[in-house]
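Reader: I would like to learn how to read the core and the salt bridges of a model such as this one. Could you take me through them slowly?

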Amino acid sequence: MKYINGEEFKSIFEEYYNPLCNYAFRITGSEEAAEDIVQNLFIQLWEEDKLAAVAKPERFLLRSTKFKCVDYLRKQNTLKEVSWFGEVDSEFEEHSDLEEEDVEPLLNYFAAKLPTKTREVFLLSRKSGLTYSEIAEEANISTKTVEAHMSKALKLMRKLLKEQGYFNLLFFIV
């Protein structure tokens, strides 16, 4: 049996904690609940040494966080109907089973992995619906710089989504 050491776990925690908190916040609507959910998930994973058997930790962490958020919402009696995607294990099939409410949190999760300025430009374009010239004016940069950031953002988002098997999200970012 493979074990994960403290340094490896710390590295995974530092890489995924903030993006997972953002993802959980989008689902729960509560910053405090999101942080509690992600912290408890990492505590459970550490205590049970579950990350050692996981081939793709990012997929596993996303799915686990979603399930923990669903559990939280159930307990809060705010979620009436939940669609389950099956058992969580270390290998996942393609994510063709996404529900509409999953899209925005996932896109925000992956956008959080973009460099700061690139993420800002991407979100102003996609979430606020601003044109490149409006973004340039708001961010106090040239339109060409906005174009460069958007090109970089789209390229990185496509790469991240493909790596994680979220091919069906690609049409949301084009």
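Author: We begin with the basis of the model, then turn to its core and its salt bridges. This is a predicted model, in which local features need pLDDT of at least 70 and side-chain atom pairs count only at pLDDT 80 or more, while totals for chains, interfaces and linings use all residues. Residues are numbered from 1 along each chain as its sequence is written, and side-chain values use heavy atoms, with hydrogens and water left out.

Reader: Which residues have the most contacts inside the largest nonpolar core?

Author: A nonpolar core is a set of buried Ala, Val, Leu, Ile, Met, Phe, Trp, Tyr and Cys residues joined through side-chain atoms within 4.5 Å, where buried means under 20% relative accessible area, exposed over 50%, and partly exposed in between (1.4 Å probe, protein chains only). Here the largest such core has 40 residues, and those with the most contacts inside it are L20, F42, L51, L61, F110 and F122.

Reader: What does the salt bridge of K113 and E58 link?

Author: A salt bridge is a side-chain nitrogen of Lys or Arg within 4 Å of a carboxyl oxygen of Asp or Glu, and by this rule the count comes to four. In the bridge between K113 and E58, N and O lie 2.5 Å apart. This pair links distant parts of the chain, with K113 in the loop between helix 4 and helix 5 and E58 in helix 3 (helices are DSSP runs of H or I, at least four residues, numbered from the N terminus), 55 residues apart. K113 is partly exposed at 27% relative accessible area, whereas E58 is buried at 5%.

Key. Helix = DSSP H or I, 4+ residues; strand = E, 2+ residues; numbered from the N terminus.
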